[in-house]
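Here are a few exercises to work through with the model open. Try each one yourself before reading the solution.

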Amino acid sequence: TDSGEASDFLEEDFNKDNGVTASTFIVFDKKTKQGGTLVYIFQPKRAKINIICHESAHCADFICQTFGLSKGNYEHGEAYAYLIGWIAECVESVVKKRK
């Protein structure tokens, strides 16, 4: 939830037209407590490269925060930039399949 509380995803959360093209969620397995991110594409036809990059940056931020990694700066940001690129390729491949 927006307050940081854990909650289950409900089918109606993904079936309503809320005007959002895509969103990134922090998710955890209830049993193992392993975490990650879920990029959900509400409107695949509107998921252009800017949306994919935006959501990919959220995923990369989560990874860096979770593992205590620096995102670097202009001179030292290569690893972070490659991470965003790799995530964007993964998201893009799913979007292409859903279109």
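**Exercise 1: a valine and its core**

Leaving out residues up to four places away in sequence, valine 95 touches Ile41, Pro44, Ala47 and Ile52. Keep in mind that this is a predicted model.

Task: find which residues of the largest nonpolar core touch the most other members, and which element gives the largest share.

Solution. Start with the 15 residues of that core: Ile41, Ala60, Ile87, Val91 and Val95 touch the most other members. Next, look at the elements giving two or more residues, which are β2 (35–41), α2 and α3 (78–98). Of these, α3 gives the largest share, with seven residues.

**Exercise 2: a serine in a helix**

Task: work out whether serine 56 is buried or exposed, and what its side chain has for polar company.

Solution. First place serine 56: it's in helix α2, residues 49–67. Its relative accessibility is 0%, so serine 56 is buried, the cut-off being under 20%. Now check the side chain: one of its polar atoms lies 3.3 Å from the backbone nitrogen of alanine 88. Beyond neighbours within four places in sequence, serine 56 is in contact with Ile84, Ile87, Ala88 and Val91.

**Exercise 3: two cysteines**

Task: explain why cysteine 59 isn't bonded to cysteine 90.

Solution. A disulfide needs the two sulfurs within 2.5 Å. The sulfur of cysteine 59 has its closest cysteine sulfur in cysteine 90, 9.4 Å away, so they're too far apart for a bond. The structure holds zero disulfides. As for exposure, cysteine 59 is buried at 4% relative accessible area, while cysteine 90 is partly exposed at 34%.

Notes: Residues are numbered from 1 along each chain as its sequence is written. This is a predicted model: local features need pLDDT of at least 70, side-chain atom pairs count only at pLDDT 80 or more; totals for chains, interfaces and linings use all residues. Side-chain values use heavy atoms; hydrogens and water are left out. Helices (H or I, at least four residues) and strands (E, at least two) are DSSP runs, numbered from the N terminus. Buried means under 20% relative accessible area, exposed over 50%, partly exposed in between (1.4 Å probe, protein chains only). A polar contact is a pair of N or O atoms within 3.5 Å; within protein, one must be able to donate a hydrogen and the other to accept it, and residues adjacent in sequence count only if both atoms are side-chain atoms. Contact means heavy atoms within 4.5 Å. A nonpolar core is a set of buried Ala, Val, Leu, Ile, Met, Phe, Trp, Tyr and Cys residues joined through side-chain atoms within 4.5 Å.
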